Amino acid sequence: MADERGREGWPRRCVRLLLVVAVTVAALLAPPASRLFAAGAAGSPVAVVGALPGADDGAVPAIGRTWPLGVRPRVLRGWEPPASVYGPGHRGVDLAAATGTPVRAVADGRVSFAGRVAGKGVVSVELAGTGDPPLRTTYEPVRASVEEGAEVRAGEVIGTVEAGGSHCTAPCVHWGLLRGETYLDPLSLLPPWLLHRGPSRLLPVLGAPLP
């Protein structure tokens, strides 16, 4: 009787053994966790914050309340994230701006830097309520009218466009966005209603003669 029960239980033990072997092999062949988190459910790549300058995890809140120049300017060059840490690209957005144009904070925050870097004026503002490390906007070349540590509100003037120091062929402001050392697209700070709205225009009044 014992021999019969042993023979009947043998297939079950074989199945269990095969399951253990299969699970072990699957675990050994599985990709590292970092690769799993860097791939979407459908296998599409997902940017990992901090992996590259320009990497964006889509977590930038649209908290901007104004363009850096007050109105929607002409974008001379957009954000072009590099393919590698030291690869070519454009880590910000160039906005056409005449010398002396007021530059404004796009959102509430604190001035984390106001001074000169490599001979050109730079102003940086840490944006309130954007996590740790906080999002940080940069503006250059700008002659600062605020001091480091100052609290600023969205739309507040933080300086004026300087005559020199721009890398554009025409006068411009280079507007950047970072979280820590990771570069992000500054235009992602602007909500759709502001991003696509052009400058204000005066409309004709019904019945009034045109000038």
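Arginine 77 is partly exposed in this predicted model, its relative accessible area being 33%. Its side chain meets that of glutamate 80 in a salt bridge, with 3.1 Å from N to O. Glutamate 80 is likewise partly exposed, at 35% relative accessible area. Both values fall between the limits of 20% and 50% that bound this class. The pair is one of six salt bridges found in a search of the whole structure.

A second salt bridge joins the side chains of lysine 120 and glutamate 140, at 2.8 Å from N to O. This pair links distant parts of the chain, since lysine 120 belongs to strand β5 (residues 120–127) and glutamate 140 to strand β6 (residues 135–140), 20 residues apart. Glutamate 140 has a relative accessible area of 17% and is therefore buried, the limit for this class being under 20%.

A third salt bridge connects glutamate 162 with arginine 143, where the closest N and O atoms are 3.7 Å apart. Glutamate 162 is located in the loop between β9 (157–161) and β10 (172–179), whereas arginine 143 is in strand β7 (residues 142–144), so the contact ties together parts that are 19 residues apart in sequence. The partners are unlike in their exposure: glutamate 162 is buried, with 8% relative accessibility, while arginine 143 is exposed, with a relative accessible area of 53%. Through shared partners, salt bridges join Arg116, Arg143 and Glu162 into one network.

The strands that carry several of these residues were examined next. Strand β4 (residues 109–117) and strand β5 run antiparallel and are joined by eight bridges. Within this pairing, arginine 116 has glycine 121 of β5 as its bridge partner. Arginine 116 is also a member of the salt-bridge network with Arg143 and Glu162. The hairpin formed by β4 and β5 has two residues between the strands, and alanine 118 in this hairpin takes a positive phi near 55 degrees.

Strand β5 also pairs with β6, again in the antiparallel sense, over four bridges. One such position is valine 123, whose bridge partner in β6 is tyrosine 139. The salt bridge between lysine 120 and glutamate 140 involves the side chains of these residues, and it spans the two strands β5 and β6. Six of the eight residues of β5 are buried, so this strand is largely enclosed by the rest of the structure. In a regular strand, side chains alternate between the two faces of the sheet.

An open sheet of three strands has the order β3-β9-β7, and its pairing is antiparallel. Strands β3 (102–104) and β7 are the edge strands, each pairing on one side only. On average, neighbouring strands of this sheet are turned by 40 degrees against each other, with direction ignored. The pairing of β7 with β9 is made over three bridges. Arginine 143 stands opposite threonine 160 in β9. Arginine 143 thus has a place in strand β7 and also takes part in the salt bridge to glutamate 162.

Strand β9 contains isoleucine 158, which is buried because its relative accessibility is 0%. Isoleucine 158 lies 35 residues from valine 123 in sequence, yet the two are 7.7 Å apart in space, computed from C-alpha to C-alpha. The contacts of isoleucine 158, not counting residues up to four places away in sequence, include Val123, Val125 and Tyr139. Others among them are Val103, Arg104, Arg143 and Ala144. Valine 123 and tyrosine 139, two of these contacts, are also the bridge partners noted for β5 and β6.

The model holds one disulfide. It is formed by cysteine 168 and cysteine 172, whose sulfur atoms are 1.9 Å apart. A disulfide is a covalent bond between the sulfur atoms of two cysteines. The torsion about the S-S bond of cysteine 168 and cysteine 172 is about 70 degrees, so the disulfide is right-handed. Cysteine 168 counts as buried at 16% relative accessibility, and cysteine 172 counts as buried at 2%.

Definitions and conventions. Residues are numbered from 1 along each chain as its sequence is written. This is a predicted model: local features need pLDDT of at least 70, side-chain atom pairs count only at pLDDT 80 or more; totals for chains, interfaces and linings use all residues. Side-chain values use heavy atoms; hydrogens and water are left out. A disulfide is a pair of cysteine sulfur atoms within 2.5 Å. Buried means under 20% relative accessible area, exposed over 50%, partly exposed in between (1.4 Å probe, protein chains only). A salt bridge is a side-chain nitrogen of Lys or Arg within 4 Å of a carboxyl oxygen of Asp or Glu. Two strands pair if DSSP finds at least two bridges between them. Axes are lines fitted to C-alpha atoms, for helices over the stretch in contact, and angles run from 0 to 180 degrees between N-to-C directions. Contact means heavy atoms within 4.5 Å.
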